[in-house]
Amino acid sequence: MINTIKTEWVYFCYYFTLQFSQIFRYWVAGMIIGSVISVFFKDKIHTLMRNMKSDGSGISGIIFASMLGVASPLCMYGTIPIAASFSKSGIRDEWLASFMMSSILLNPQLIIYSAALGVKVLCIRIISCFLCGITAGLIIRSAYKKNPFFTFRSFDEPKSRDTDPNIFIRFLKNLYRNLRATGLYFLLGIVLSALFQRYIPADAISFVFGGSKAWGVLMASTVGVPLYVCGGGTIPIIKTWLENGMSIGSAAAFMITGPATKITNLGALKVVLGARHFAFYLLFIISFSCLSGILVNLI
């Protein structure tokens, strides 16, 4: 019995060390770059959004807003109050939808994390999240021309915590907040990926998520809802699944539904959307993730 426990512990340590050595540098780089953007470029990004004009067709604004959403370093709870301030400034709902959708799905820090999955998966993640933001904006533009889609009355713009007069100290404080916010989930993700590698057969992963079948994509979209907690924490899990036979389309679907339906975010979204629009949001996310995953597998 003792020898068995020791053997299992050795295997676990091996898989944990392997995953940690492969992903750790991306996690550190992501935190550093995320803090640099948050401290030095966040206000510039949001100023560009506030300066958008309300004339013209609006479609170019949707595209630009989705780009700014990807570049924004804020999490969900930072994005919604900022979007509330944008709304008070007169920014159109379709632009807000585009900005919020892409910002929820992706940020510069998560882009760096995702580089650990390989160039192909990284590019697919960036493109699919960017297009998801654009699609959300186009739908709001066509379906809600006269009636407002969002309700921001309960949200005020958050106060910046990056206010220390010493730039270096300001950066270090932001980096520490990044470490505190992601460190535990990163380690948990490594632990789960090591357990998956040791105890879940590769054939099982391939059967559930592999191939080009729509079923694998649908399963990935479904699993993304309860399992996704933190972007940095899910990277080791996705990496393990991909190595064990998960299709890239299924990974793409998981990476869309995960952050978009993260349990801790849904409450805030329901407040600004209302019950009817919230149901519409969930339907949109599931539909877009499944369609994206199927298209990626076909391509």
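## Helix α3, the nonpolar core and the internal spaces

The buried residues of helix α3 pack against α2 (42-50), α5 (93-105), α6 (108-114) and α7 (119-143). The model is a predicted one, in which local features need pLDDT of at least 70, side-chain atom pairs count only at pLDDT 80 or more, and totals for chains, interfaces and linings use all residues. Residues are numbered from 1 along each chain as its sequence is written, and side-chain values use heavy atoms, with hydrogens and water left out.

Helices here are DSSP runs (H or I, at least four residues), numbered from the N terminus. The residues of α3 that are buried (under 20% relative accessible area, 1.4 Å probe, protein chains only) are Gly61, Ile62, Ala65, Ser66, Leu68, Gly69 and Val70. Helix α3 covers residues 59-71, and at 1.5 Å a residue its 13 residues should span 18 Å (1.5 Å times one less than the number of residues), which agrees with the 19 Å between its end C-alpha atoms.

Two of these residues, Gly69 and Val70, are touched by Ser103 (contact means heavy atoms within 4.5 Å), as are Ser72, Leu74 and Thr79, not counting residues up to four places away in sequence. Ser103 lies in helix α5 and is buried, because its relative accessible area is 2%.

The largest nonpolar core (buried Ala, Val, Leu, Ile, Met, Phe, Trp, Tyr and Cys residues joined through side-chain atoms within 4.5 Å) has 70 residues, and those with the most contacts inside it are Met49, Met101, Phe152 and Met246. Helix α13 (residues 263-298) gives the largest share of this core, eleven residues. Phe152 touches Ile80, Ala83, Ala84, Ser87, Leu96, Met100 and Val272, leaving aside residues up to four places away in sequence.

Two spaces are set side by side below; on a 1 Å grid over the protein atoms alone, a cavity is a set of points where a 1.4 Å probe fits but cannot get out, a pocket is an open set with protein on both sides within 12 Å along at least five of seven lines, and lining residues have an atom within 4 Å of a point. Grid points are joined across faces, edges and corners, and a volume is the space filled by probe spheres set on the points.

| Space | Volume | Residues from α13 in the lining |
|---|---|---|
| Largest cavity | about 170 Å³ | five residues |
| Second largest pocket | about 160 Å³ | five residues |

Among the residues lining the largest cavity, Ala97, Met101, Ala136, Phe149 and Tyr281 lie nearest its centre.

Technical notes: Helix = DSSP H or I, 4+ residues; strand = E, 2+ residues; numbered from the N terminus. Buried < 20%, exposed > 50% of the residue type's maximum accessible area, 1.4 Å probe, protein only.
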